[in-house]
Amino acid sequence: MALRASQISEAPLYAISAGLGLVAIERSIPAYGVTVSGKGPESIVARIDDRFDPASWWSAVSHGPYSTPMTHVFSDKDSGCVVMALSQSYARMLASSLDTLSNSVIARLRIVGANLKSILPSRVSPSLLPYDERLQAILPGTRADFSQRALLHFVQSGLEERPDGDAAAHRDWVISTLSRKKAPVQRQRQRLRDEDILALIQQHLPRTKGIGRLLRVLRDREGVACEQARFSRLYREATGEGGLV
């Protein structure tokens, strides 16, 4: 979705990497597995005995050889807004860095993500676009891809309708757009043991492959509750795959 948003806007795309910093998407990078989200084997938190300081971690990786300085993204003074999609974990990691941006840079910044207001510094609050669960009625998906869906929706529709809008105009557009929608009623899903989910994965694998697609089958068709990181682990266990699908 981020790549599609980049193509629509004809804007460069950067990935916020917990292992390599801010990385231009076309740059060649070494294989790695690091995240500040969750508690899986790739989680940094799981590898640190002492208290994890996400701001210090970001300060370190953003000075690495593959990272682009954040100010570089805003270096073209003639360009429009820069849209940043963040999860809560990554917002905590970047919060201190965002607080150091100049007022003129913050004026060009738009941030999308779920429940980020209490995490981000108050200086960037005007840049936060107020997407919420009503986005599900426009562009349905998983909780894990909320920020990417909001990014795509805003770039695809918001910037189309308000190409020269400032942060206030873009926030008003989001509020107006969501006001016409209702959040879908959350279905109560049953929680199952790992072995039961593995059995369902094996049952559906002949017809449906891929973590995202099969997770949707379990949630929507089987009515099973399963967090994406846990399902990814079980999927790889069921298929014998070690990499991402």
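Helices and strands here are DSSP runs, numbered from the N terminus. With that naming in hand, take Gly-223: just after helix H9, this glycine takes a positive phi of about 65°. We'll come back to that corner of the chain. Keep in mind throughout that this is a predicted model.

Let's step back for the overall picture. The protein chain has ten helices and six strands. How does its radius of gyration sit against that of a compact globule? A compact globule of 245 residues would come out near 18 Å, and the chain has 19 Å, so the two agree. Laid along its principal axes, the C-alpha trace spans about 55 × 45 × 30 Å. Of the 245 residues, 39% are buried. Take the contacts with a separation of 6 or more, and 60% of them link residues 24 or more positions apart. On the outside, about 14,000 Å² is exposed, with carbon and sulfur atoms supplying 50% of that area. As for charge, there are 32 positive and 25 negative side chains, and the centres of the two sets lie 5 Å apart.

Now start at the N-terminal end. Helix H1 covers 2-9, and Glu-10 belongs to the loop between H1 and strand E1. Its backbone is worth a look: phi of Glu-10 is near 55°, a positive value in a residue other than glycine. Is that residue buried or exposed? Glu-10 has a relative accessible area of 74%, so it is exposed; the cut-off for that label is over 50%. From there the chain runs into a hairpin, built from E1 and E2 with three residues between them. Strand E1 is residues 14-17 and strand E2 is residues 21-24, and they pair in the antiparallel sense over four bridges. If you want a landmark for the register, find Tyr-14, which stands opposite Ala-24 in E2.

After the hairpin, look in the loop between E2 and helix H2 (54-61), where you'll find Ser-43. Being in a loop doesn't settle whether a residue is covered, and Ser-43 has 0% relative accessibility, so it counts as buried. For a sense of scale, the C-alpha atoms of Ser-43 and Asp-220 are separated by 28 Å, with their positions 177 residues apart along the chain.

Next, go to the parallel pair. Strand E3 (residues 82-85) runs parallel to E4, and four bridges join them. Here Ala-85 is the residue opposite Val-112 in E4. In a regular strand the side chains alternate between the two faces of the sheet. So what happens on the two faces of E4? Both are covered: Leu-109 and Ile-111 are buried on one side, and Arg-110 and Val-112 are buried on the other. Notice that an arginine is among those buried residues.

Beyond E4 (109-112), the loop leading to helix H6 (146-161) holds Asn-115. Asn-115 is another non-glycine with a positive phi, of about 55°. At 63% relative accessibility, Asn-115 counts as exposed.

That brings us back to helix H9, residues 211-221. Which of its residues are buried? They are Ile-211, Leu-214, Leu-215, Val-217, Leu-218 and Arg-219. An α-helix has 3.6 residues a turn, so residues three or four places apart point the same way. The buried residues of H9 pack against helix H8 (194-204), strand E6 (224-225) and helix H10 (228-239).

Follow the chain past Gly-223, with its positive phi of about 65°, and you arrive at Cys-226 in the loop between E6 and H10. At 5% relative accessibility, Cys-226 counts as buried, given that the label applies under 20%. What does Cys-226 touch, leaving aside residues up to four places away in sequence? The answer is Ile-197, Leu-215, Arg-219 and Phe-231. Two of these partners, Leu-215 and Arg-219, are also on the list of buried residues in H9. Finally, the C-alpha atoms of Cys-226 and Arg-189 are separated by 8.8 Å, although the two residues are 37 apart along the chain.

How values were computed
Residues numbered from 1 in each chain as written. Predicted model: local features only at pLDDT ≥ 70, side-chain atom pairs only at ≥ 80, totals over all residues. Heavy atoms only, no water. Rg over C-alpha atoms; globule rule 2.2 N^0.38 Å. Buried < 20%, exposed > 50% of the residue type's maximum accessible area, 1.4 Å probe, protein only. Contact = heavy atoms within 4.5 Å. Areas by Shrake-Rupley, 256 points an atom, 1.4 Å probe, with all protein chains shown as cover. Lys, Arg positive; Asp, Glu negative; His and termini not counted. Charge placed at Lys NZ, Arg CZ, Asp CG, Glu CD. Pairing = 2+ DSSP bridges.
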